[in-house]
Amino acid sequence: MIEKNTLGKFIRAQREALGMSQKQFAEQLFVTESAVSKWERGVNYPDLTMITEICRVLDVSERELITASEDTSYRRIKKQALQYERLKKLSFWIPTSAYLLTILICSVCCLTGVMPVSTWLIVLASLACAFLFFPSVTRFVKSKSLIWYLVTSAAGVAVLLTVCGAVTKSIYWVPTAVMGVLLGYTVIFLPIVMKKFVKHGFASSHKTLICFAADLLFTAALITCARIITPFDLAAGELLALYGFLPFLLTGFVVSLKMNGLIKGGICTAIFGTAVYFLNYAIGYVLNDPVDMTVNFNDWANCTNGNVLMIILTASGAVGIALFAAGLKKNLINEKTAVVIYDGSFFSISIYFS
């Protein structure tokens, strides 16, 4: 333990640096001024039970007090933490104050007749949407801030689009626009949310499949909403969307299986190659407009479509088979085991494949 004089000098130096008298220091620790004087003169050590309180009042770490020297690392980290907190406050209040000031100015303009009420509503919705993007409501939540950010920012965009539609009296396009925003959020952020928050259960082992299924659901909803704006065969649109997502759903299921990565890669390659080849057939069937898929490598002028797709199907099939075979070979090598048998006279080694 450090000498009493060294500790006393350190306590006195820190107290004086804070501009406290012995009496003020003693009052904050609920001890007598005489006790503080004895510490600083090196007559007595402070009681061990008071170490934490002394550190709090002097604004030092326990390591600094015990060693009677400044902990530069602690000081630097504490300073950086304070700077970060100040920066967080500034990054919240500067844009928020600007938004509030803009609302106040526009409100005054609206009340005086300079700005129409419809314009004021759009400005108000725009500023609310901007606030939900930055600095956002995450300042007020302590956990799952990413989910809160995504939900509130998407809601802000939906409100803004709805207000614009109501003001312009053309609300029919709003559902399509909102559904497009939700589809974009799902495609971009759902994989991130799943990776960050889903750790157990069925969802944890089938993340890719769930993400693709959600994308399909919102795409189907978007097509349904688009039917409001543009007349088309809704059933045909939904079927084509289902076909477009079918290879993704199948590969999402394959990826979730517990098998060699090369084998999964081979299966997925074959799935996508097959889906591309039969795409024209699917479009022709759904739209009741059959397409010519004749394959003739001696007549590229009239059979380009069929020839190219056949090459894609053949190449993807070959690559898929190669990856599948490489995966099987790797499994066999990994599962090879050597068993040593001693029969009393010699060692015999047998190789088994499980």
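## Trp93 and its ring partner

Tryptophan 93 is partly exposed, with a relative accessible area of 45%. Keep in mind that this is a predicted model. The neighbour in sequence, phenylalanine 92, is a buried residue at 4% relative accessible area.

The rings of these two residues make up one of the 12 aromatic pairs in the model. Phenylalanine 92 and tryptophan 93 meet edge-to-face, with 5.0 Å from centre to centre and 90° between the planes. The pair also belongs to a wider group: Phe92, Trp93, Phe131 and Phe140 form one aromatic cluster.

## Charges over rings

Phenylalanine 92 has a charged visitor as well. The charged end of arginine 139 sits over the ring of phenylalanine 92, 4.9 Å from the ring centre.

Something similar turns up at phenylalanine 197, where the charged end of lysine 196 sits over the ring, 5.7 Å from its centre.

## A ring pair between α7 and α8

Now for another edge-to-face pair: phenylalanine 133 and tyrosine 149, at 6.4 Å centre to centre and 90° between the planes. This one links distant parts of the chain, since phenylalanine 133 is in helix α7 (residues 117-133) and tyrosine 149 is in helix α8 (residues 145-167), 16 residues apart.

Are these two rings buried or exposed? Neither label fits: phenylalanine 133 is partly exposed at 32% relative accessible area, and tyrosine 149 counts as partly exposed at 25%.

## Backbone oddities

The loop between α7 and α8 has some unusual backbone geometry to look at. Most residues other than glycine have a negative phi, and most peptide bonds are trans. Here, the peptide bond from phenylalanine 134 to proline 135 is cis, with omega near 5°, and proline 135 lies in the α7-α8 loop. Serine 136 is found in that loop too. Its phi is positive, about 80°, although serine 136 is not a glycine. With a relative accessibility of 2%, serine 136 counts as buried.

Aspartate 59 is another non-glycine with a positive phi, in this case about 60°. Look for aspartate 59 in the loop between α4 and α5 (62-67). Its relative accessibility is 33%, so aspartate 59 counts as partly exposed.

## Helix α3 and its cover

Which residues of helix α3 (residues 33-40) are buried? They are Val36, Ser37, Trp39 and Glu40. These residues cover an arc of only 160° around the axis, so they sit on the same side of α3.

The cover over the buried residues of α3 includes α1 (4-17), α2 (22-29) and α4 (51-58). After α3 comes glycine 42, with a positive phi near 80°.

## The overall picture

Stepping back, the protein has 15 helices and 2 strands. How does its radius of gyration compare with that of a compact globule of 354 residues? The globule would come out near 20 Å, but the protein has 36 Å. Taken along the principal axes, the C-alpha atoms fill a box of roughly 105 × 105 × 35 Å.

Buried residues make up 31% of the 354 residues. The protein exposes about 22100 Å², with carbon and sulfur atoms supplying 68% of that area. As for contacts with a separation of 6 or more, 55% are between residues 24 or more positions apart.

Methods
Residues are numbered from 1 along each chain as its sequence is written. This is a predicted model: local features need pLDDT of at least 70, side-chain atom pairs count only at pLDDT 80 or more; totals for chains, interfaces and linings use all residues. Side-chain values use heavy atoms; hydrogens and water are left out. Rings of Phe, Tyr and Trp (its six-membered ring) pair if their centres lie within 6.5 Å; planes under 30 degrees apart count as stacked, over 60 as edge-to-face and the rest as tilted. Buried means under 20% relative accessible area, exposed over 50%, partly exposed in between (1.4 Å probe, protein chains only). Helices (H or I, at least four residues) and strands (E, at least two) are DSSP runs, numbered from the N terminus. A charge sits over a ring if NZ of Lys or CZ of Arg is within 6 Å of the ring centre and within 35 degrees of the ring normal. The radius of gyration is taken over C-alpha atoms; the globule rule is 2.2 Å times the number of residues to the power 0.38. Contact means heavy atoms within 4.5 Å. Accessible areas come from the Shrake-Rupley method with a 1.4 Å probe; for residues, only the protein chains shown count as cover. The arc is that of the directions from the helix axis to the C-beta atoms.
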